[in-house]
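Thanks for making time this morning; I would like to walk you through one model, slowly and in a few steps. Please have the structure open in front of you as I talk.

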Amino acid sequence: MKFTTMAGAVASAAAACLLGTGLGACAAPAGSAGETSAVVRVMVKLAHSSEDVDAIAAEASRITGIRVTHAAATSSSWHALAVHCASPAQCDEAIARMRAAGTVYAVVETDGRKARSGS
Amino acid sequence: MRRILICAAVAAASWLAPLGARTPLAQSVAAAEVAPNETARVIVKFRADSPLLRKQALSAAGQQTLQAAGLGQRVGVALESGRGLSERSHVVIGHGLTSKQLAARIAAQGDVEYAVADERKHIVEVPNDPLYVPTTAPARGPAVGQWYLKPPPPAGSASAAWGSTAPAAINAEQAWDVTKGSPSIVVAVLDTGVRFDHPDLQGGNVLPGYDMISPDSGNAFTTANDGNGRDSDASDPGDFVASAEATASCARSSSSWHGTQTLALIGAATHNGVGMASVGHGGVRVMPVRVLGKCGGYDSDIQAGIRWAAGLPVPGVPDNQTPARVINMSLGGTVACEQSYIDTIGQVTAAGVTVVASAGNSAGHAVSSPASCPGVIAVAAVRHVGTKVGFSDIGPEIAISAPGGNCVNDTGPCLYPILTASNSGTTTPVAGPPGAIYTDSVNTSLGTSFSSPLVAGAAALMLSVQPALTPAQVKAKLQVSARPFPTTGGTAAIPVCAAPTGVDQLECYCTTSTCGAGMLDVAAAVQSVNGVQASIALTTTTPTANQAIAFASNSVLNPGQSIVSYSWTILNAGTTGATITGAKDGASVVVTPTAAGAFVIELATTDNKGFFSSTTLFVTVVGPPVTPASTPPAATSSGGGGGALGVGWLLLLLGAVVSLALTAARAGSAATGLSAAARDGRRR
């Protein structure tokens with residue numbers, strides 16, 4: 001039988017690592033931004049829709065206390081953010097703060113990855 | 001023969017009386033319908049309670065002769081009996097009008113389940129694409145060519161007689177006899193992009209699409225592998241992963257050209273003497289949306305791609321000028337459907353876009369997201385014999401199954417791969433003829449990735465025939481038209497598929513709770529929508545006991561289609577005592593329930609092409625209005641107040657009865673008027 005299993009193909013970014021948080025897929029290695037050792041991509045659903053990516057990133061940085069950049073927009077409600085963490089624990093804490101900011105974010109979830117389901 | 005007909009007519013006449021009240025009087029052929037040289041052939045099926053089915057001491061042929069004569073008396077045309085099809089259905093033959101005209105007359109009879117023109121069928125055009133039916137076994141290709149598109153062999157036939165088809169084949173040829181796809185239907189393929197220069201994608205039906213892959217962190221373009229972010233270039237630069245790039249979760253691999261493979265299954269140019277055929281026959285348009293690169297793609301990019309494909313706005317991206325009606329996603333990852341996918345898919349299905357996704361290839365584990373998301377048509381893979389192929393995931397989310405390729409043998413060339421277009425480059429694409437290849441028995445295409453486009457292509461053909469179908473209707477029609485899974489013919493001693501438990505589950509006999517409603521049958525799916533689609537509109541806001549409830553046909557018609565007969569039936573009155581007031585054969589009816597509860601009403605239509613369609617509506621009825629606010633306070637008190645309440649209630653009831661009588665009278669007039677309008681429509 002010849003086939004490719006999806007389990008083996010579910011991928012993170014090329015230089016990715018997986019944090020032990022169950023949430024964060026690290027998408028870039030350390031060293032690119034000061035104390036950053038990992039970058040976690042999250043998707044947020046804004047409580048109030050906006051397309052001002054700079055303001056969205058600034059607000060996320062304020063809430064988490066660490067650098068957050070805007071990665072991509074899906075709609076005016078859903079945005080992907082890159083959270084630049086110094087450690088897995090800091091990633092966890094940043095995400096917990098975002099989840100606690102219910103007036104800003106209706107939903108916070110991993111910006112995970114999908115893979116093709118065939119060879 | 002003439003004597004038999006006369007005797008039959010006399011005998012049949014005695015059966016007509018009971019039906020007199022509910023069927024039109026026999027009438028001669030209307031002047032507008034006269035066609036002296038026409039011979040009409042109609043397949044008629046009687047309802048089980050038809051008086052014409054009463055047993056006589058006659059042979060089956062004699063019985064049918066009698067039935068034809070009795071029917072002819074009613075419709076005003078002398079009918080002969082043709083070939084019998086079953087106890088309740090046979091062909092009847094008349095003269096002086098067309099088959100469609102006769103079918104319309106017969107369909108209007110209350111005891112006829114359906115009547116359709118017995119039309120001639122022509123030889124189905126078989127694509128001349130050389131890989132569709134290879135005349136000689138290609139050096140590296142499967143000798144069976146595109147087995148998966150062909151008509152399945154007769155049920156129960158020996159495998160030695162199958163030739164270039166197999167039981168799981170999706171039966172596309174007869175669908176192409178109905179439609180070769182409409183360019184107004186666009187299928188978006190969310191994948192790795194496409195090799196636009198492939199010779200089988202030169203039919204003019206491949207749209208430019210969009211590259212939706214955003215930069216990785218640090219403004220790197222590792223995933224995209226094209227040196228930039230989102231832009232209008234959906235070409236596939238390759239998704240190879242070099243050794244230095246590989247991680248535990250992303251193995252070293254050559255470029256897959258996966259998007260070219262999946263898109264070609266839906267949109268390759270067909271019957272052009274080149275390469276392969278596609279489900280969409282080159283008629284539907286295909287649109288690559290690049291969302292996967294090296295090691296897959298981000299959810300955020302995939303969801304942006306879903307929205308853009310459907311014509312919904314994506315910040316920073318120009319609007320899609322050619323929105324898709326169908327989206328194919330041969331991709332997946334985590335099992336549970338994320339809230340972001342629920343939101344996105346909910347929005348695009350609400351916009352009328354059908355979303356199809358592959359189940360995943362984890363060998364019988366739970367269906368992956370986004371296939372597991374509500375509103376998605378999740379597709380599992382079956383082997384050529386119809387059993388679940390080892391790699392396919394399964395579960396209750398699966399809507400339907402289709403071939404995903406399987407090899408049968410452990411060594412040597414793969415016997416039943418999914419042949420499709422690809423590129424020969426192992427890293428970057430190879431341009432020109434040397435690069436344009438097809439996957440084959442050595443370089444195989446296997447996975448639920450290839451099952452999903454077959455279903456997406458089928459959905460596109462259905463929408464080509466019936467553009468007004470909703471995503472829910474597309475799914476329902478795909479499911480009801482699917483062929484049942486086999487229960488024999490698999491590898492010896494394989495089990496019946498079970499719900500995923502976290503343990504690998506290889507080949508097994510599919511069930512409807514694990515692999516969906518059945519095996520895709522494109523011809524049946526297209527036929528199931530090739531006519532007016534019956535639909536019921538409930539025009540009463542709050543159905544209430546003892547009040548008239550109005551229903552109207554909201555049936556979906558295409559240009560050139562009209563409804564020639566309506567038939568309304570209360571299938572189950574439950575506790576409501578619901579009955580239809582007035583005519584039951586108009587475009588609308590009024591139902592008056594006598595108590596709270598629920599009932600089921602059915603509308604059956606026959607269109608001007610003889611296509612029969614029916615639908616049901618479940619209606620909840622609330623109790624009669626409560627005591628009005630003006631009721632004296634004593635009525636709400638306990639004890640002796642009951643008398644006052646009783647009087648008030650009686651007055652209310654009396655008023656309701658009078659109101660009901662008036663409403664019924666008005667409704668009867670209205671129904672009559674609508675019925676007349678329907679009859680006018682038939683005359684047209």
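B:Arg41 stands opposite B:Ile93, which lies in S3 of chain B, and I begin with this pair, keeping in mind that we are looking at a predicted model. The pair belongs to a longer ladder, since strand S1 of chain B, residues 39-46, and strand S3 of chain B, residues 89-95, are joined in the antiparallel sense by 7 bridges. Widening the view, we find an open sheet of 4 strands in chain B, ordered S2-S3-S1-S4 and paired antiparallel. At its edges are strand S2 (80-84) and strand S4 (112-117) of chain B, each of which pairs on one side only, and the average turn between neighbouring strands of this sheet, with direction ignored, is 30°.

Which helices lie across these strands? Helix H2 of chain B, residues 60-75, lies across S1, S2 and S3 of chain B and runs at about 135° to S2(B), while helix H3 of chain B, residues 99-107, lies across S1, S3 and S4 of chain B, at about 175° to S4(B).

Turning to the domains, the assignment for chain B gives domain 1 as 2-117, domain 2 as 182-405 + 446-527, and domain 3 as 536-683. Taken over C-alpha atoms, the centres of domain 1 and domain 2 of chain B are separated by 49 Å.

Now to a single residue, B:Leu571, whose place is in strand S18 of chain B, residues 563-572. Is B:Leu571 buried or exposed? It counts as exposed, because it has 11 C-beta neighbours inside 10 Å, and the cut-off for that class is 12 or fewer. If we leave aside neighbours within four places in sequence, B:Leu571 is in contact with B:Val600, B:Ile601, B:Glu602 and B:Thr616. For B:Val600, the C-alpha to C-alpha distance to B:Leu571 is 5.5 Å, although the two are 29 residues apart in sequence.

Finally, the two chains together: 44 residues of chain A are in contact with 60 residues of chain B. On the chain A side, the elements giving two or more residues are helix H1 (6-9) and strands S3 (38-46), S4 (68-73), S5 (78-85), S6 (105-110) and S7 (113-116) of chain A, and the residues of that side divide into 23 nonpolar, 12 polar and 9 charged. There is also strand pairing across the chains, in that S7(A) and strand S10 of chain B, residues 331-332, run antiparallel and are joined by 2 bridges; here A:Ala115 has B:Gly332 in S10(B) as its bridge partner.

Key. Residues are numbered from 1 along each chain as its sequence is written. Chains are lettered from A and ligands numbered from 1 in the order in which they are written. This is a predicted model: local features need pLDDT of at least 70, side-chain atom pairs count only at pLDDT 80 or more; totals for chains, interfaces and linings use all residues. Two residues are in contact if their C-beta atoms, placed from the backbone, lie within 7 Å. Ala, Val, Leu, Ile, Met, Phe, Trp, Tyr, Cys and Pro count as nonpolar, Asp, Glu, Lys and Arg as charged, and the others, Gly among them, as polar. Two strands pair if DSSP finds at least two bridges between them. Axes are lines fitted to C-alpha atoms, for helices over the stretch in contact, and angles run from 0 to 180 degrees between N-to-C directions. Domain bounds come from an automatic or database domain assignment. A residue is buried if 20 or more other C-beta atoms lie within 10 Å of its own, exposed if 12 or fewer, and partly exposed in between; C-beta atoms are placed from the backbone.
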